[in-house]
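Subject: Model for your review

Hello,

Here is the model I said I would pass on. Please look it over alongside the notes underneath.

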Amino acid sequence: DGTLSTDAKVSLEKQDAGFTVTKSALSTTGKVDGIDRAKFEEIAVDAKENCPISKLLNCEITLETTFDG
């Protein structure tokens, strides 16, 4: 049991052929039974680094975590 919430704020830049994503700022807040803050942060960082959408965007991605344990 637990709760998990992630917000993403994406910065776009106008290009000739459309728009390009220049930055994605992620903010994840959660409380997950059975894990501590360190494990929560480890899982969040792993998700950020291995996300196929993040890899596709190929831009600067930041992550802020808040553990409500």
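The notes below cover the sheet, the helix packed on it, two buried residues and a surface patch.

This is a predicted model, in which local features need pLDDT of at least 70 and side-chain atom pairs count only at pLDDT 80 or more, while totals for chains, interfaces and linings use all residues. Residues are numbered from 1 along each chain as its sequence is written, and side-chain values use heavy atoms, with hydrogens and water left out.

Sheet and helix

Three strands form an open sheet in the order 1-2-3, with mixed pairing. Strands (E, at least two residues) and helices (H or I, at least four) are DSSP runs numbered from the N terminus; two strands pair if DSSP finds at least two bridges between them. Strand 1 (2–15) and strand 3 (60–67) are the edge strands, each pairing on one side only. From one strand to the next the twist averages 15 degrees; axes are lines fitted to C-alpha atoms, for helices over the stretch in contact, and angles run from 0 to 180 degrees between N-to-C directions.

Eight bridges join strand 2 and strand 3 in the parallel sense. L26 is opposite L63 in strand 3. Helix 1 (residues 37–50) packs on the sheet and touches strand 1, strand 2 and strand 3, where contact means heavy atoms within 4.5 Å. The direction of helix 1 makes about 160 degrees with that of strand 3.

Buried residues

F40 is in helix 1 and is buried, at 5% relative accessible area. Buried means under 20%, exposed over 50%, and partly exposed in between (1.4 Å probe, protein chains only). Not counting residues up to four places away in sequence, F40 touches L4, T28, T29, G30, V32, I35, T65, T66 and F67.

S24 belongs to strand 2 and is also buried, at 6%. Beyond its neighbours within four places in sequence, S24 contacts K9, V10, C59, E60, I61 and T62.

Surface patch

V10, L12 and F19 make a nonpolar surface patch of about 330 Å². Patches are made of residues with over 30% relative accessible area and no salt bridge (a side-chain nitrogen of Lys or Arg within 4 Å of a carboxyl oxygen of Asp or Glu); like charges are joined within 9 Å, nonpolar side chains (Val, Leu, Ile, Met, Phe, Trp, Tyr) within 5 Å. Areas come from the Shrake-Rupley method with a 1.4 Å probe, and for residues only the protein chains shown count as cover. F19 lies in strand 2 (residues 18–32) and is exposed, with a relative accessible area of 58%.

Regards
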